[in-house]
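Welcome to a short guided tour of a protein model. Take a moment with the sequence and the picture before reading on.

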Amino acid sequence: VALKWPYLGKSYQTKKSVNAVLWEAFPATLVLAFTAMLFASLIGILIGVLAAINRNSWIDKLSMVIVVAGISVPSFFMALLVAYFFGIYLHQYTGLHFTGSLYETDEWTGEKYLSLKNLILPAFTLGIRPLAIITQLTRSAMIEVMQQDYIRTARAKGVKERTVLFKHTMRAVFAPIITLAGLDFAGLIGGAIITETIFNLPGLGRLTLRSTFEFDLPVVLATTILAA
């Protein structure tokens, strides 16, 4: 049986179809969430592997600082810090933008294209928390797997450390990481309200917040259904 997205009525404020309002905001949130999760996965796995290999070293302790800070610092406070330091205070050096659209318009052709300058700061801010969680999970899983009998056997047989690490250890570690990344990605799509509001991005998060303040019930219900 083919599934069809239901008709959810019209917006009280814009008088436009709720479906049209949703799909106008959805691409920005999807691009932002995908970029944030890609950043969090790549950097989180790298830091977690380095921390596990260099257990109890300064690298391991630094990774724990990143984990604690990423999980404990409120997202609105982190977003404000990132926007101020990189988007305003250091803007002349970084050239990064902290507000506006994710897209820019070509002066000659008039076509829109994805702007990395507009994407880096909100994606970095949104990806800090999943980065911390992935780092902790990777480190714990790596330490546990490296203590298994088959890893010790591979080393005793003279297998190169690089092969033990990437072929045997990482294969067992990737399963929980992929599961966690999938769950976090779904959460990012429905929960980027603070990041999109502070960075003034026209995505689902800001649409949800604005619709809530305007008592636009059909849009609020639609964004809740889509997030769920």
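The report below goes from the overall layout to single helices, a pocket and a few individual residues.

## The overall layout

Keep in mind from the start that this is a predicted model. The protein contains 10 helices and 2 strands. If you walk along the sequence, these elements come in the order α-α-α-α-β-β-α-α-α-α-α-α.

How much of the protein is buried? Of its 228 residues, 38% are buried. Contacts can also link parts of the chain that lie far apart in sequence. Among contacts with a separation of 6 or more, 67% join residues that are 24 or more positions apart.

## Helix 2 and its two sides

Let us begin with helix 2, which runs over residues 58-72. Its 15 residues, at 1.5 Å a residue, should span 21 Å, and this agrees with the 21 Å between its end C-alpha atoms. The expected span is found by multiplying 1.5 Å by one less than the number of residues.

Which residues of helix 2 are buried? They are D60, S63, V67 and G70. Looking down the axis of helix 2, you would find these buried residues within an arc of 90°, so they line one face of the helix. What they pack against is helix 1 (18-53) and helix 5. On the face turned away from the buried side, helix 2 carries the exposed residues W58, K61, V65, V68 and S72.

## T135, a buried partner in helix 5

T135 sits in helix 5. Its relative accessibility is 0%, and because buried means under 20%, T135 counts as buried. Setting aside neighbours within four places in sequence, T135 is in contact with G44, I47, G48, S63 and V67. Two of these names should look familiar: S63 and V67 also appear among the buried residues of helix 2.

## The largest pocket

Now turn to the largest pocket, which holds about 330 Å³ of space. It is lined by 21 residues, and the closest to its centre are S75, T125, L126, R129 and P130. By class, the lining has 13 nonpolar, 6 polar and 2 charged residues.

Which helix gives the most to this lining? Helix 5 does, with 6 residues. At least two residues each come from helix 2, helix 3 (75-89), helix 5 (116-146), helix 7 (161-190) and helix 8.

## Helix 9 and what follows it

Helix 9 covers residues 204-213. Its buried residues are L204, G205, L207, T208 and S211. Seen down the axis of helix 9, they fall within an arc of 165°, so these residues line one face of the helix.

After helix 9 comes F215, with a positive phi near 55°. This is a positive value in a residue other than glycine. F215 belongs to the loop between helix 9 and helix 10 (217-227). Is F215 buried or exposed? Its relative accessibility is 68%, and because the cut-off for exposed is over 50%, F215 counts as exposed.

## Another positive phi, at K15

K15 lies in the segment before helix 1. Its phi is near 65°, again a positive value in a residue other than glycine. K15 has a relative accessible area of 59% and is exposed.

## Residues from distant parts of the chain

Here are two pairs to find in the picture. N200 is in the loop between helix 8 (193-198) and helix 9. Its C-alpha atom is 9.6 Å from that of P122, although the two residues are 78 residues apart along the chain. With 35% relative accessibility, N200 counts as partly exposed.

The second pair starts from G187, which is found in helix 7. What distance separates the C-alpha atoms of G187 and A33? It is 8.9 Å, for two residues 154 residues apart along the chain. G187 has a relative accessibility of 43%, and because partly exposed covers the range between the buried limit of 20% and the exposed limit of 50%, G187 counts as partly exposed.

Methods: Residues are numbered from 1 along each chain as its sequence is written. This is a predicted model: local features need pLDDT of at least 70, side-chain atom pairs count only at pLDDT 80 or more; totals for chains, interfaces and linings use all residues. Side-chain values use heavy atoms; hydrogens and water are left out. Helices (H or I, at least four residues) and strands (E, at least two) are DSSP runs, numbered from the N terminus. Buried means under 20% relative accessible area, exposed over 50%, partly exposed in between (1.4 Å probe, protein chains only). On a 1 Å grid over the protein atoms alone, a cavity is a set of points where a 1.4 Å probe fits but cannot get out, and a pocket is an open set with protein on both sides within 12 Å along at least five of seven lines; lining residues have an atom within 4 Å of a point. Grid points are joined across faces, edges and corners, and a volume is the space filled by probe spheres set on the points. Ala, Val, Leu, Ile, Met, Phe, Trp, Tyr, Cys and Pro count as nonpolar, Asp, Glu, Lys and Arg as charged, and the others, Gly among them, as polar. The arc is that of the directions from the helix axis to the C-beta atoms. Contact means heavy atoms within 4.5 Å.
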